[in-house]
Each structure stands twice: as structure tokens, then as C-alpha cells.
Amino acid sequence: MTINPVLGNDSVLGNDSVLGSDPGLDQLGVAPSPLALLLLGRGSDPASERGVDCPGDLPAAADPSLATRAAAAKAALGDRVFILGHHYQRDDVIAFADVTGDSFKLAQQAAARPQADTIIFCGVHFMAESADILTGPHQRVVLPDLAAGCSMADMATAEQVEQAWDDLLDAGVATDTVPVSYMNSSAAIKAFTGRHDGTICTSSNARRALDWAFGERGGARVLFLPDQHLGRNTAIDELGMTDADCVVYDPRRPGGGLTHRQLREAKMILWRGHCSVHGRFTRASVDEVRARVPDVTVLVHPECQREVVTAADLVGSTEYIISVVDAAPAGSAFAVGTELNLVRRLALRHPDKTIVFLDRTVCFCSTMNRIDMPHLVWALEALVRGETVNQIAVDPDVATYARKALDQMLALP
Ligand code: SF4
């Protein structure tokens, strides 16, 4: 397998297929990879990725009629199908979305469309699971490419988290520890959270979730899953904790690599997980862009590392980032630290503002970009023929407890 020192393995390179035809990238201060590209969706490489085969023939990526075919299939299906597009999704796919948003907003939108018997989720696996949990039993959720996972969600498996809870029991701290799990986690982790009377949170309401866990819920500490950076940044910046209040539980080490005393004295037990996209930004990226762009406002997502968040001017969720850029006066300059598809769309929407990407290196979410036009057309045309492909159906027992944790989030004060 060829390893690209910048982008990772071959499966990641496939997503660069969007780069060659994108003149807007120069404006953002990033450069396309000079390496050869894989054709997305044509076969899989089990050695390097969780690839899947698509039953039937996937349309060729170069087929010039893909947009026409998608439009025709969507029109034939009418209100029976509802297409959700995550903010990080590629342009050609998001053009077919009935609604765009972050993962939770999209799941809520799906639940608000009971007339749609099929929801096509142009996002990643955990988002489609959440949509399945929140929608009615008569609705099916389709993920056009099952290989569209999330590296962060994959960093916490159900078995690892059960082991961690056993470690907390052994240390005598489980009874007053409250699990708080980021939306970006599998249905199994959400169910674990519900079983232990915890809550889900998003990057918009993480502070309220922690306030609830330490306040009304009466916890002495929180087990925060699976993104250590969102947990740490929220605890320190919004609850006034210090680094010393946080410990990192490493699932690959016995006991998480922590002593009983460390577990007992911690207020935040942070899972050792991170987003492979937002984790790429560094303090050097911030320093470099400040030197390059006069009067720039550095605006980053809280999934970024602590050193990036402390060096930034503004920190907030995807929806917050969009609202700040939208509301800024003409002539403003922003360096944005989040997924590149979103940053590029913001730049195109605001030609009167300077909007650059926080890093010089291309930084798409590789798994999100697995959802491409061939897979969307393939899923839509199958529905027209009366077939449902790539349905995401969460086990009912898992769904019950995951829903409990999601409902707790909805009830946060
Ligand atoms: S951007 Fe990060 S957290 Fe979001 S889907 Fe991609 S890998 Fe997961």
C-alpha cells in the first residue's frame, strides 16, 4: 500500500478526485496532491479500509449524466424520499440535499418528515444510525456507501467502553461518574450512555451537557466519549477547569493507563479519541496564517487540539462558524479551521470577504467524501426499482437506550 505522508493511505487519496477540478482551492491557500488518484467506489481494498461491494453496477464516476440521472430518480420518488446533506459533504452531492446541516439537525429534520418512507443520509455511518433511531418505524435510512464511517467514532468500540467502565468500577468511582458522549459516536456507545443515565451532546451544547452532569445529575466526574479535545476544551474554557482536572483514558493500555487515584481525583476522564480532520491543525498553522493574512480572525471548531483553540480568536460548532462568517461585514478576513468542503463553500458564498483554510495542507473528511455521485445515483435508482440498498437499521435494544441518551440531550436545560 502506498502511504502519502500528507494524506494517509490510498483510500484517502481517492477523495482528492474533487481537487483537480476545483479552482477555488487556490483562493483558500491549499494545493492539490500531485499524486495519482484512485477512482472512488470502484472496488475496495480490504487491507487498508473498511471497503464494501455495491450489489449491481455502480455508475462510473466519469459518467456525464450522473446529475441528470440523480435528478430524474429524485423526481420519480417525490416526497417518498428525503435527502440529507451534512455540511462537510462534497458540492455535487449536496446539490441534491433537501436540507443541509450538522448531524443532529439533520436527524431531527428526518424525524420531522414522516411522509418520507426513505431517508438518504449523505453523511457518515453514526449520523445515519442517529437518524434511524430518531425516525419512525415506517421509515428506512440509507447510507449510499457503507464505507463512509468516522475515524473518531471508530476510536471507541462498545467492548473498549465496557472495559473502561469495569476499570471505573474497580477503582470505586463508577457510581458517581456520568457518561457524556459526543454525537459523533456509534449507536452502541450512545446506548452505553443511556444505560448509565448519561447524555449525548453536540459541539453546540457540550457546556450545557457538562453543567447538567455535574449539577442536576449530581456527578463527581464525567467520562467524556470519544473526543478528548471537545471534552477538554469545553471543561477548561467554559467550566473553568484546569488541565490538572482532566485525565486521558487510553483504551489500548491496561486500566486505561491510569491509576485508581488518578481516576478518583479527575473531574474529566477524557477518552483518547480525536477527529483525524480537525486534529491536523496545529499552533504552527495559526501562526503561519496570522503572518500571511493581515487582520485575520482565526475561527476554529472545538474538535481542534488545545494548542489551536488557545491560539484562535473564536471557537465554535459548525453552525456557529457559518453564522459568524455570514454575519461579518464585507472586507472581513477569516482563517477557518474545519472541514475543507464547508470552508470552500463559505468562501464561494462570500466573495466580498477573505476566507482562507487554516492549514496549507488539504484536509477533507475522507470518509464523508466516500458519498459521491455514483453512490447517490446507485441508491436513488435502486429505490425507483423498488429496492432498498445499504439500509442502516439499529438493533432495537441498542436503539432504545441510545434514544434515552438522545432524549436526555433534548431535555438539557
Ligand atoms: S470530520 Fe472528523 S468527526 Fe466529522 S465525520 Fe469526519 S472524521 Fe468524523
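How many residues surround the ligand, and which are the closest? Let's start there, keeping in mind that this is a predicted model.

**View 1. The shell around the ligand.** Count the residues that surround the ligand and you get 13. The closest are Cys150, Met152, Cys275, Val277 and Cys365. Sort the shell by residue type and you'll find eight nonpolar, four polar and one charged.

**View 2. An open sheet of four strands.** Follow the strands across the sheet and the order reads β2-β1-β3-β4, with parallel pairing. At the edges sit β2 (99-101) and β4 (140-142), each of which pairs on one side only. On average, neighbouring strands here are turned by 25° against each other, direction ignored.

**View 3. Zooming in on β1 and β3, with a helix on the sheet.** Strand β1 (residues 81-86) and strand β3 (residues 118-122) run parallel and are joined by five bridges. For a spot to look at, try valine 81, which stands opposite threonine 118 in β3. Packing on the sheet is helix α6 (residues 125-134), which touches β1, β3 and β4. The direction of α6 makes about 155° with that of β3.

**View 4. Two helices crossing.** Here the axes of helix α9 (residues 206-214) and helix α10 (residues 228-239) come within 10 Å and cross at roughly 75°. That's why α9 and α10 are described as roughly perpendicular to each other. On the α9 side, Ala206, Arg207 and Leu210 make the contact, while α10 brings Leu230, Thr234, Ala235, Glu238 and Leu239. By type, the residues of this contact between α9 and α10 are five nonpolar, one polar and two charged.

Conventions
Residues numbered from 1 in each chain as written. Predicted model: local features only at pLDDT ≥ 70, side-chain atom pairs only at ≥ 80, totals over all residues. Axes fitted to C-alpha atoms, helices over the stretch in contact; angles between N-to-C directions. Parallel < 35°, antiparallel > 145°, perpendicular 65-115°, else oblique. Contact = placed C-beta atoms within 7 Å. Nonpolar A, V, L, I, M, F, W, Y, C, P; charged D, E, K, R; others polar. Near = placed C-beta within 6 Å. Pairing = 2+ DSSP bridges.
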